[in-house]
Amino acid sequence: MRQPIPVPPEASDVVISGPRPFVTSVEYSMPDGHRVTWTARRHRKGIGRGRGLTWVIGVLFAVGSTCFVLGPIPAYASLVGPLGTTVTFFVGSLVFTSAAYLSYLQVVREAGHRWFAWLPHDMGFWAVLVQLVGTVYFNITTFAAFFDVPPDVANRVIWRPDAIGSLCFLVASAIAFAEAGHRWWSWRPGERDWHITALNLWGSVFFGVSAVGAYVVEGGDELNAAWANGGTFLGAVCFLVASLLMVAEGPSNRRSAGAPETISPTG
């Protein structure tokens, strides 16, 4: 595994871990008896440094999620009408894309770049890149909904981008979950980042169910409208809760920017 940070020469008991082939955690002991840890997600997101980019990303994802929570609710659709509902979904998708690009930017800036970079050895890079691609597909499908698309091309113009976007979200969420847990599967219910990434993973699963239900069958009807609307609603609720947890993530633990976290004496 490739070591992402320099370890002091006086350090001992160095443990490098992560879902292969990535490194997401480095731990070591110092001569004074303290155990020090560095984790990729915590370091990138600046947890403990107050309101920064992570806070902004969380707020934007919360706003976008709220739009997708409201859109499938029948009472809301009756109140704002078909056009208002379409606008709600489209605005939500644009906010998602803004938050996704800031997440990508967070990874890029962490590596010392400005706007764009190719970082194949960084697990977080793959999570945010695939997520960003997925949000662009949601931009396409929600924009196409403004037009009177014939049933015979609806699957190609509206459903296909929706399905690809949902698949991208599922892949990105699985990668983010593995990065936070330092293995492809983990059970850490006492950790905030586990809840955030697990909720996003569940939200992506529900969006996938929504995409299946939204497939247009012969006659122009959806395969299963309950799946389409219910999956969107439940997925967006999961995303909303995860976003609110992310908003609260920054101020949770004060420490100096970029510093490893000293955990406890080893002896």
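A residue counts as buried under 20% relative accessible area, as exposed over 50%, and as partly exposed in between. In this predicted model, F146 comes out at 33% relative accessibility, so it falls into the partly exposed class.

Aromatic contacts are a good place to start, with 27 aromatic pairs in the structure. In one of them, the ring centres of F90 and F146 are 5.6 Å apart and the planes meet at 85°; because an angle over 60 degrees counts as edge-to-face, that is the label this pair gets. F90 belongs to helix α3 (residues 74-110), while F146 sits in the loop between α4 (123-144) and α5 (151-181), so the pair ties together parts that are 56 residues apart in sequence. F177 and W194 make another pair, with ring centres 6.4 Å apart and planes at 55°, so this one is tilted. Here helix α5 supplies F177 and helix α6 (residues 192-213) supplies W194, and the pair links distant parts of the chain, 17 residues apart. Both of these residues, F177 and W194, are buried.

Beyond these pairs, one aromatic cluster is formed by F61, F68, F89, F96, F138, F169, F207 and F239. A ring also meets a charge elsewhere: R109 lies over the face of W115, 4.7 Å from the ring centre.

Helix α6 deserves a paragraph to itself. With 22 residues, α6 reaches 32 Å from its first C-alpha to its last, close to the 32 Å expected at 1.5 Å a residue. Its buried residues include W194, I196, A198, F207 and A211, but also D193, T197, N200, S204 and S210. Glycines appear among the buried residues of α6 too, namely G203 and G213. The partners against which the buried residues of α6 pack are α1 (40-45), α2 (53-70), α4, α5 and α7 (225-247).

That leaves the nonpolar interior. The largest nonpolar core has 16 residues, and I57, F96 and F207 are those with the most contacts inside it. Two or more residues of this core come from each of α2, α3, α6 and α7. F96 and F207 turn up again here, being members of the aromatic cluster as well. As for I57, leaving aside residues up to four places away in sequence, it touches A99, L102, S103, Q106 and M246. A second core, separate from this one, has 9 residues, among them Y104, V108, L119 and L132.

Definitions and conventions
Residues numbered from 1 in each chain as written. Predicted model: local features only at pLDDT ≥ 70, side-chain atom pairs only at ≥ 80, totals over all residues. Heavy atoms only, no water. Phe/Tyr/Trp six-rings, centres within 6.5 Å; stacked < 30°, edge-to-face > 60°. Helix = DSSP H or I, 4+ residues; strand = E, 2+ residues; numbered from the N terminus. Buried < 20%, exposed > 50% of the residue type's maximum accessible area, 1.4 Å probe, protein only. Lys NZ or Arg CZ within 6 Å of the ring centre and 35° of its normal. Expected span 1.5 Å × (residues − 1). Contact = heavy atoms within 4.5 Å. Core = buried A, V, L, I, M, F, W, Y, C linked by side-chain atoms within 4.5 Å.
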